[in-house]
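Thanks, everyone, for making time this morning. I would like to walk through one model with you, beginning at a single position and working outwards from there to the whole chain.

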Amino acid sequence: MTKKRARTQRRADERALDKLVHKREQAARKEPGGAPDTPIPVGSASEVEAHGRGHPCPVCGDPLRVLDHRAVVSGGRSLRVLSVECRGCGRSRELFFEIAARLLS
Ligand SMILES: [Zn+2]
């Protein structure tokens with residue numbers, strides 16, 4: 001019986017952890033760069049990857065690894081999408097950037 005209870009407890013713990021992870025992922029989407037309509041402004045394309053590497057994982061806080069960097073157009077805006085993967089927990093996510101228009105050209 002004790003064994004069964006331990007298993008039930010573990011499942012409950014896993015569910016609680018899933019909920020926490022989900023909550024953190026939801027919160028991360030509301031932060032700048034978490035969605036296409038809230039991109040992080042950067043001065044140039046070369047800043048995008050440096051930004052991505054400087055961003056910790058929203059779930060476990062470990063550094064991120066850049067997987068892919070591409071240009072997209074969303075809602076008439078030219079955005080950069082950075083696909084990143086956490087070095088710690090392996091969760092991947094996307095960060096959105098907008099290259100600020102230069103006033104002096
Ligand atoms: Zn992580």
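Let me start with P36, and bear in mind throughout that this is a predicted model. Is P36 buried, exposed or something in between? The answer is that P36 counts as partly exposed, because 16 other C-beta atoms lie within 10 Å, whereas a buried residue would need 20 or more and an exposed one would have 12 or fewer. P36 sits in the loop that runs between α1, residues 2-30, and β1, residues 40-42. If we set aside the neighbours within four places in sequence, the contacts of P36 are with S74, L79 and F96. A further distance is worth noting here, namely that the C-alpha atoms of P36 and V73 are 9.4 Å apart, although 37 residues separate the two along the chain.

From there I would like to turn to the sheet. It is an open sheet of 4 strands, in the order β1-β4-β3-β2, and its pairing is mixed. β1 and β2 are the edge strands, each having a single partner, so one side of each is left without a neighbour in the sheet. On average, and ignoring direction, neighbouring strands of this sheet are turned by 35° against each other. Helix α2, residues 45-54, packs on the sheet and touches β1, β2, β3 and β4, while its direction makes about 135° with that of β2.

As a reminder, strands of a sheet pair through backbone hydrogen bonds, in either a parallel or an antiparallel sense. Here, the parallel case is β1 with β4, residues 92-99, which pair over 3 bridges, and within that pairing I40 has F97 of β4 as its bridge partner. The antiparallel pairing of β2 with β3, residues 77-86, extends over 10 bridges, and V66 stands opposite V84 of β3. The hairpin formed by β2 and β3 has 2 residues between the strands, and G75 in this hairpin adopts a positive phi near 60°. As for cover, β2, residues 64-74, has hardly any, since just 1 of its 11 residues is counted as buried.

Which residues, then, make up the largest nonpolar core? That core has 9 residues, namely I40, V48, C57, L64, L82, V84, L95, F96 and F97. Two or more of these residues come from each of β3 and β4, and β4 gives the most, with 3 residues. F96, which belongs to this core, is also one of the contacts of P36 that I listed at the start. C57, another member of the core, touches D62, L64, C86, G88, C89 and R91, once residues up to four places away in sequence are left out.

Finally, let me step back to the chain as a whole. The secondary structure comes to 2 helices and 4 strands, which follow the pattern α-β-α-β-β-β when read along the sequence. The radius of gyration is 18 Å, whereas a compact globule of 105 residues would have a value near 13 Å, and the C-alpha atoms fill a box of roughly 75 × 25 × 15 Å along the principal axes. Buried residues account for 13% of the 105 residues. Of the contacts between residues at least 6 apart in sequence, 48% join residues that are at least 24 apart.

How values were computed. Residues numbered from 1 in each chain as written. Predicted model: local features only at pLDDT ≥ 70, side-chain atom pairs only at ≥ 80, totals over all residues. Contact = placed C-beta atoms within 7 Å. Pairing = 2+ DSSP bridges. Axes fitted to C-alpha atoms, helices over the stretch in contact; angles between N-to-C directions. Core = buried A, V, L, I, M, F, W, Y, C linked by C-beta atoms within 7 Å. Rg over C-alpha atoms; globule rule 2.2 N^0.38 Å.
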